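Colleague: Please give me a close look at the part I care about at the bench, the contact between chains. Start with how the copies are related, and keep it plain.

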Amino acid sequence: MGFVNDFDHWAVGDNLDLASWDSYPIGFVEKFPFTEDERNRWAETSHPDIAPFHHDLYRGVGKGRFWVMEQQPGPVNWAPWNPVPRPGMVRLWTLEAIAHGAEVVSYFRWRQAPFAQEQMHAGLNLPGLDELSAGGREARQSALDLENLGALKPCAPAPVAILYDYENHWSTIIQPQGRDFRAEELAFRWYEAIRRLGLDVDFVRPGADLSDRKLILVPGLMHVSDEALRALKTAKGIILFGPRSGSRDRHFQIPDALPPGPLQDLVPLRVTQVSSLRPGLADAVSGMVSGQAVRWRESIKTTADILSRFSNGDPALIAKDNIHYLGCWPDESLLTNVIAHMVRKAELETVPLPPHVRLRRRGDLVFAFNYGPSPWVCPGEDFVLGGSQLEPCSVAAWREGATPGG
Amino acid sequence: MGFVNDFDHWAVGDNLDLASWDSYPIGFVEKFPFTEDERNRWAETSHPDIAPFHHDLYRGVGKGRFWVMEQQPGPVNWAPWNPVPRPGMVRLWTLEAIAHGAEVVSYFRWRQAPFAQEQMHAGLNLPGLDELSAGGREARQSALDLENLGALKPCAPAPVAILYDYENHWSTIIQPQGRDFRAEELAFRWYEAIRRLGLDVDFVRPGADLSDRKLILVPGLMHVSDEALRALKTAKGIILFGPRSGSRDRHFQIPDALPPGPLQDLVPLRVTQVSSLRPGLADAVSGMVSGQAVRWRESIKTTADILSRFSNGDPALIAKDNIHYLGCWPDESLLTNVIAHMVRKAELETVPLPPHVRLRRRGDLVFAFNYGPSPWVCPGEDFVLGGSQLEPCSVAAWREGATPGG
Amino acid sequence: MGFVNDFDHWAVGDNLDLASWDSYPIGFVEKFPFTEDERNRWAETSHPDIAPFHHDLYRGVGKGRFWVMEQQPGPVNWAPWNPVPRPGMVRLWTLEAIAHGAEVVSYFRWRQAPFAQEQMHAGLNLPGLDELSAGGREARQSALDLENLGALKPCAPAPVAILYDYENHWSTIIQPQGRDFRAEELAFRWYEAIRRLGLDVDFVRPGADLSDRKLILVPGLMHVSDEALRALKTAKGIILFGPRSGSRDRHFQIPDALPPGPLQDLVPLRVTQVSSLRPGLADAVSGMVSGQAVRWRESIKTTADILSRFSNGDPALIAKDNIHYLGCWPDESLLTNVIAHMVRKAELETVPLPPHVRLRRRGDLVFAFNYGPSPWVCPGEDFVLGGSQLEPCSVAAWREGATPGG
């Protein structure tokens, strides 16, 4: 399912041939801590990173192989509100899963059941009738699209990796210290920021080989295992650590030399105290990147380069060579600026996207997805699906030799 | 009590000589899902339809006979806040009950108890003293008013009937599908809209004879029994069905031919899917009537006349002869326009009223009630109570041969 | 702890040599029912009356002797959000406790524990290191300040007494009648209003001798015991009773002669009914003092002098000689005006203060505390701590023979 961190998916994946998940993009909009504005904005399409976030995560968990076991084919019955997806979205979600590497997209369910608890859950067929539902007609169209696309190549490793750690989630749930410090939310927002630049992303586990990645984002890694540290030390790309990184040892204790503990081998700093900030509070950050710290702000002593400072002059973003440490929860503006800075430093080519458009590469194909409400002009030429004018709730794909961000 | 739908009052009424209820108009303002603005607006008078809604409902349940067993005589002790009613309101509520047909208005309680849990509940007398309370003095005045009015005639059947079904409430509680789909709230709003036109209303049960009604409102009837269908078929007046009508059979299943199931005998349509809309969402409705769909919006296929459409062109309000089906939860504007259209089609004479004034006929008397805050000019001549200038929190009554709306 | 009324502290204090309490000024900001604006305003300093309110209360409970057993030395771990106190606040809180008469200020804890549940609770020393934390350095500075101040004289009795009754709290919890009638909140707001005038305050128990007080505030005293009545009768100062005073006898019953029961010996009035007002409602008060009644409004019959009236002309503030009765919960404006009127009548000299500055006398010293964010000019000359320009988050003290308000 979406936004579930109750067990270590990496460990479970070790014993599986492939991973699979249940994709209910609209229902999950009510589950994630979006603002009310965002919830209204994405109520009938889903947010354009909800399904992709999980596709990329479960592709990693499945060592490259994943299925969508249950794809939402219309309104469901279990969210507080269950709107009908905008026309085109069932097809969009289907092709999007394929673009992210899904081997199978299976819908739940074949026919809407006229009885019992799930009778308001849409199916590919109307209840009691041999007649396709609106979603069913889009599923049929998706199958035709796939035939047109022909055989698909596997997904290449992405230039950007997000290190995703389940233990980190549990640690922040056990000891949030600020009511709205939600590790999952932070990881999602970092993913959203990097995808807004048209970049593909792989999720990797702590300890995974990082030597070929150009940019490594570590939104949350409270405990840095020996394995994780080794992999980080051998990385040649740009690395960005988020707040609370290295702040606990394997016994859930504060390291003797203070946080970030073992990461002090990579970048010299000590976090002497932390402030969790209620929703009305913020601290301005300025310097090489600017914006605001919200929710969480660390007091840092460092001999590294100070790229940006809090309002009282304390270090906010520091760097030593390729290693960066951000000592706060960044608001949208600061996050956008920090990520842009990292991407520039990693020399990645980007395609800045509006909030409602995303790109994803598979083999030599570039897919574009428009979550609406306005059209977008695709930067492609050799279209195999759609054309250069990408309408709301639709999909395009084109062939490209060397695509930025892929 | 007010806003209680836990059992089928119609069935219980079968074994009773008369119905009675406990009228706490101010306490119920906090119980009903009003907006905060409405709660503030009506905090010290009650909303002008709360007591009447129940008077009309229980008059129906009591086959024409009902009592007010407990009338609020001042501030009570059990609501989150318990304001003193504005001067005049205890008398207004008393005479209003009489106007709606009450045979008895009994107050709770005779004397305010100085002890125990209910010691803050006002009585007609002050605690421990042989002295009338403010409410007690108004009750005495009401008795004098009744003497002046003399013998009262029974209530005539109203031209407008609202079909009120308890099973429908339970169905929406079991399966709301949208968090704010509250059947009771929808019925109350339809009642409010029709009463704002100065019309009298009877509540009737499914299966009741409808042949003499000029307008029949069916805000909620998920399961249409054979009896209910028969009565609807023999009706000659205008009928308006609300959303979800006929959407379940007697086994709580979606009908084989899709909703509205048996109502397809009356008006040809199929509901293929439904959208429940979170509070930030709305869909514009335009055509013969306009406004917005909120909370609930159905996808309708029909060969009937399409009077209004949703923003994408889908049918919103349809009609075949005298039968109408509204496929959404209407906002205040749409509801007002739909009801006005039905009333015109039913050729009912109306008296458009401001939000704080209501009329009610009993025999040859027309009563007017002003919930404040501004005066209103009564359209009567032969006054038996008050005069043509109706002050806030006061009552007027006049004799009229043929009154519009009665 | 702060804002705890679960037992009668006066009774417990009878058996103790001194009282002590745990002062967590920032954590308590989230505990008290402040507005969101206030919570944001005081998030990093605490509200300037939270610690003093408790110092003054526990000095009374301890018959003049009290300790701070646990002083917050930095961010804690148990509030919803735990910001770092602004630099200077640990020293300010320490010296403030001393100014209010504390014999000991002990910090919790010596060293931040790197393990277990409280590992995010700051200490005077950093975890695992022989190094003072930011708070530890301020504690060291406070010790130096104390040495400079030399031997301190005891606190003199304050000219203003607040009668604080635990039974009253329990009564309003058992029977609030309005959801936001919180006795503790009312007492705190009265304390805040009097301290905004630069005055020192003692808390006293019902029955305590009041003969030397110039002003006696009784924000809440539902049951007036024989002892309490005797003490009030012998008082020569100005007395102000708040709403609900005398409204219950010792059996928790409404007095036979109606509220305020035994207080009718002091001021002739009867409360015939009360209105609890939801947050959107208010009633204007005008006359000698003006503002708004919120939350609670009483209907008063009286032959005493009527100083101010509600919008309908009913008495709001009445007086007979030195005795005053306020029949409502005053909003900030009305409270400020009422308290100012009492202070004038009591002929107390005042120093009107901005919201973020407070004064407190001990012996011949006057202390000033600035909770920020802007500087304040102290009205002193012979400074023993700081100087006439009082910066945010800092403390000043000066010697003065006869100080207004002390």
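Modeller: Let's start with two copies: turn chain C by 120°, shift it 0.1 Å along the axis, and it lands on chain B with an RMSD of 0.0 Å. That fit is by least squares on the C-alpha atoms of residues with pLDDT of at least 70 in both copies. In chain C, C:E36 has the C-alpha nearest the axis, 11 Å away. Chain B goes onto chain A by a 120° turn too, with a shift of 0.0 Å and an RMSD of 0.0 Å. These two copies are thus related as by a three-fold rotation axis. The residue of chain B that comes closest to the rotation axis is B:E36, at 11 Å (C-alpha).

Before the contacts, some ground rules. This is a predicted model, where local features need pLDDT of at least 70 and side-chain atom pairs count only at pLDDT 80 or more, while totals for chains, interfaces and linings use all residues. Residues are numbered from 1 along each chain as its sequence is written, chains are lettered from A and ligands numbered from 1 in the order in which they are written, and side-chain values use heavy atoms, leaving out hydrogens and water.

Now the contact between chain C and chain B. It takes 23 residues from chain C and 29 from chain B, with contact meaning heavy atoms within 4.5 Å. Together they bury about 2,200 Å², 51% of it given by carbon and sulfur atoms; buried area is the accessible area (1.4 Å probe) that two parts lose on being put together, summed over both. Who does most of the burying on the chain C side? No other three residues give more of the area that chain C buries against chain B than C:Q177, C:I254 and C:R278, which supply 31% of it.

C:R278 turns up again in a salt bridge with B:E30, where the closest N and O atoms are 2.6 Å apart. The interface of chain C and chain B has three salt bridges, each being a side-chain nitrogen of Lys or Arg within 4 Å of a carboxyl oxygen of Asp or Glu. The polar contacts across it come to 13 residue pairs, both residues at pLDDT 80 or more. A polar contact here is a pair of N or O atoms within 3.5 Å; within protein, one must be able to donate a hydrogen and the other to accept it, and residues adjacent in sequence count only if both atoms are side-chain atoms.

Which element gives the most to the side of chain C that touches chain B? That's strand 8 (residues 269-276) of chain C, with six residues. Strands (E, at least two residues) and helices (H or I, at least four) are DSSP runs, numbered from the N terminus. By class, that side of chain C has eight nonpolar, nine polar and six charged residues. For those classes, Ala, Val, Leu, Ile, Met, Phe, Trp, Tyr, Cys and Pro count as nonpolar, Asp, Glu, Lys and Arg as charged, and the others, Gly among them, as polar.

Next, go round to chain B against chain A. Here 23 residues of chain B touch 29 of chain A, and the two chains bury about 2,200 Å², 51% of it on carbon and sulfur atoms. On the chain B side, B:Q177, B:I254 and B:R278 supply 31% of the buried area, more than any other three residues. Three salt bridges cross this interface. One more pair to look up is A:E131 with B:R270, whose side chains meet in a salt bridge at 2.9 Å, N to O. Strand 8 (residues 269-276) of chain B makes up the largest share of the side that touches chain A, with six residues. That side of chain B has eight nonpolar, nine polar and six charged residues. There are 13 residue pairs in polar contact between chain B and chain A, both at pLDDT 80 or more.

One last stop is the loop leading up to strand 8 in chain A. A:P260 sits in the loop between strand 7 (238-241) and strand 8 (269-276), and the peptide bond from A:P259 to A:P260 is cis, with omega near 5°. Most peptide bonds are trans.
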